[in-house]
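Thank you all for coming; I would like to take you through one structure, and I will go slowly for anyone who has not seen it before. Please have a look at it first.

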Amino acid sequence: MTSAALRTAPVLRVRPAIPSAAQTAIAPVLLILGWAALSSSGLFAADTIPGPVPVAARVLDMATTATFWTDIASTMTGWALGLLYSTIIAVPLGILLGTSDFAYRSCRFVIEFLRSIPTLGIIPLVALIYGTTRQTELTVVVAACVWPILLQTMYGVRDVDGAALEAARSYRLSRFQIIRFVIVPSATPFVATGFRIAAVMAMLLAIGIELLAAVPGIGKTLAQAQMNAQMVDVFALTLVTALMGVAVLYLFAAAERRLCRWHPSQRIPS
């Protein structure tokens, strides 16, 4: 068969045996069924593990109260501010370290040392300094989330095509113009990946700090429910925090696909 005949031949598409939507729903349905079976199995004391139906009903009941949305807004505020401050610190520093070999070699050990400190280990110290305030939440979130953004920015800048840089210099572009028109577009996929990782990390840490340090938010309400042995509320609030983390993950993944749709990593085969 000639190449022309190959180009004009109809493409044979094999339909999957199970639609993609059904494939996506299989694991969540099995998880809920397993949860319901465990709740009704009698392996645990009564009311220790409430079933999915009363938990879902409790979530809907909470959603009708102003306190619930106040807690959600407080947690989202800590998350957004922590991510914003991390970005303000990490992106310029990442560009500096990526464009300067001297700065990269000078700061490499310090960066590796600081990012090796466990985030949870600084919570007692920060809580002693700031108490149960927003500053405690922001300090811990920024201390953890600045690293993925900084490292991804630095690696993205250092991965810029040398030929593109030489071409920019041959056109006598200024240093600012090279960063604006060559480095930033080339490094954007790396930075977007750092944002997505940091966004999920910031949400988990914001809720965790609220839970451990009694900072106002959904985590503090969850801790209070646990202390009062309100198991349905504990499961309901845990479900809400999980949904918040998933929502942030999908939101930033969609933004990354849209922002970097020209990049090969974001091209979904049809």
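D101 is partly exposed, its relative accessible area being 42%, where buried stands for under 20% relative accessible area, exposed for over 50%, and partly exposed for what lies in between, using a 1.4 Å probe and protein chains only. Before I go on, I should say that this is a predicted model, in which local features need pLDDT of at least 70 and side-chain atom pairs count only at pLDDT 80 or more, whereas totals for chains, interfaces and linings use all residues. Residues are numbered from 1 along each chain as its sequence is written, and side-chain values use heavy atoms, with hydrogens and water left out.

Which side chain does D101 meet in a salt bridge? The partner is R158, at 3.2 Å from N to O, and by a salt bridge I mean a side-chain nitrogen of Lys or Arg within 4 Å of a carboxyl oxygen of Asp or Glu. This pair links distant parts of the chain, since D101 belongs to helix α5 (residues 101-115) and R158 to helix α7 (residues 134-158), 57 residues apart. Helices here are DSSP runs of H or I with at least four residues, strands are runs of E with at least two, and both are numbered from the N terminus. R158, like its partner, counts as partly exposed, because its relative accessibility is 36%.

The structure holds 7 salt bridges, and two of the others lie within a helix. In α5, the side chains of E112 and R115 meet at 3.2 Å, N to O, and because they are 3 residues apart in that helix, about one helical turn separates them. E112 is partly exposed at 33%, and so is R115 at 39%. In α7, E137 forms a salt bridge with R134, with the closest N and O atoms 2.8 Å apart, and these two are also 3 residues apart, about one turn of the helix. Is E137 buried or exposed? E137 is buried, with a relative accessible area of 0%, while R134 counts as partly exposed at 26%.

There is also a network of salt bridges that links R58, D61 and D233, and that brings me to helix packing. The axes of helix α3 (residues 52-62) and α11 come within 9 Å and cross at roughly 75 degrees; axes are lines fitted to C-alpha atoms, for helices over the stretch in contact, and angles run from 0 to 180 degrees between N-to-C directions. The two helices are therefore roughly perpendicular, given that under 35 degrees counts as roughly parallel, over 145 as roughly antiparallel, 65 to 115 as roughly perpendicular, and the rest as oblique. Among the residues of α3 that meet α11 is R58, and among those of α11 that meet α3 is D233, where contact means heavy atoms within 4.5 Å.

Helix α11 (residues 231-259) has another neighbour to consider, helix α4 (residues 66-99), and their axes come within 13 Å and cross at roughly 40 degrees. These two are therefore oblique to each other. On the α4 side the contact includes F68, M76 and W79, and on the α11 side it includes V240, M244 and F252.

Lastly, L204 is found in helix α9 (residues 175-213), and L204 is exposed, with a relative accessible area of 57%.
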